[in-house]
Amino acid sequence: MSGAINWRSEQGTHTSDNRDHCGVGLREDATLCIVLDGSSSGDNSGEFARQIAHKLIEWFVVAGEVTPETIIAQLRCIHTDLRSDFRRDSASFVIAHIKADGVRLLHVGDCLAGVRVGSSPIEWRTIPHTLANATEQVSIEDLARSPLRNRITRSFRSREFMEPEVSVVFPH
């Protein structure tokens, strides 16, 4: 199996630091990629995002059978480990679990995952969890122009665990 991983990060305008982080874990049978965006509302959300990426990838490379359910269980453990050190922090994330039988995406918040073949436009495979699209479907282009796009309705929050949305992108 071959492929390319492209990650694009743009520093937001609400903080002086870039709170984006990523991690990639490679195994013989699977790959796990995570992209996170630490919230601008918590002072340590960038470090919170970095720790989540680090702990999830460390777990993945030595874990046994990995499924969306085991990833969610590990995210619960990571949440328990980090919540006392990051009391007011949160992050959005998207995880791609890539195996020979397909790709599964897990996400909360406004990180996006898409597919691009050649020079075709990106086909977005996740829908952001924002106030701008909480009650009706909004295109990514319209969402980008909305002032409500930065109001996240679901995220990885230190105060409570929110289970990520799971979707199957390419089953075989």
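**Salt bridges and a buried helix residue**

The side chains of Glu163 and Arg76 are joined by a salt bridge, with an N to O distance of 3.1 Å. Because Glu163 lies in the loop between strand 7 (156–157) and strand 8 (165–168), whereas Arg76 belongs to helix 2 (residues 68–82), the pair ties together parts that are 87 residues apart in sequence. Glu163 counts as partly exposed, at 40% relative accessibility, and for Arg76 the relative accessibility is likewise 40%, so that Arg76 also counts as partly exposed. These values, like those that follow, come from a predicted model.

In total, the structure holds seven salt bridges, among them a pair within helix 1, which spans residues 45–62 and contains both Glu47 and Arg50. Here the closest N and O atoms of Glu47 and Arg50 are 2.8 Å apart, and the two residues are separated by three positions in the sequence, which corresponds to about one turn of the helix. Glu47 is partly exposed, with a relative accessibility of 33%, and Arg50 is partly exposed as well, with a relative accessibility of 35%.

A further salt bridge is formed between the side chains of Arg27 and Asp29, for which the N to O distance is 3.0 Å. The two partners fall into separate classes of accessibility: Arg27 has a relative accessible area of 19% and is therefore buried, since the cut-off for that class is under 20%, whereas Asp29, with a relative accessible area of 42%, is partly exposed.

Helix 2, which contributes Arg76 to the salt bridge with Glu163, also contains Ile78. The relative accessible area of Ile78 is 1%, so this residue is buried, the limit being under 20%. When residues up to four places away in sequence are not counted, Ile78 touches Ile52, Lys55, Leu56 and Phe156. Of these partners, Ile52, Lys55 and Leu56 have numbers that fall within the span of helix 1, residues 45–62, while Phe156 falls within the span given for strand 7, 156–157. The backbone separation between Ile78 and another position, Gln51, was also computed: the C-alpha atoms of these two residues, which are 27 residues apart along the chain, are separated by 8.8 Å.

Key
Residues numbered from 1 in each chain as written. Predicted model: local features only at pLDDT ≥ 70, side-chain atom pairs only at ≥ 80, totals over all residues. Heavy atoms only, no water. Salt bridge = Lys/Arg side-chain N within 4 Å of Asp/Glu carboxyl O. Buried < 20%, exposed > 50% of the residue type's maximum accessible area, 1.4 Å probe, protein only. Helix = DSSP H or I, 4+ residues; strand = E, 2+ residues; numbered from the N terminus. Contact = heavy atoms within 4.5 Å.
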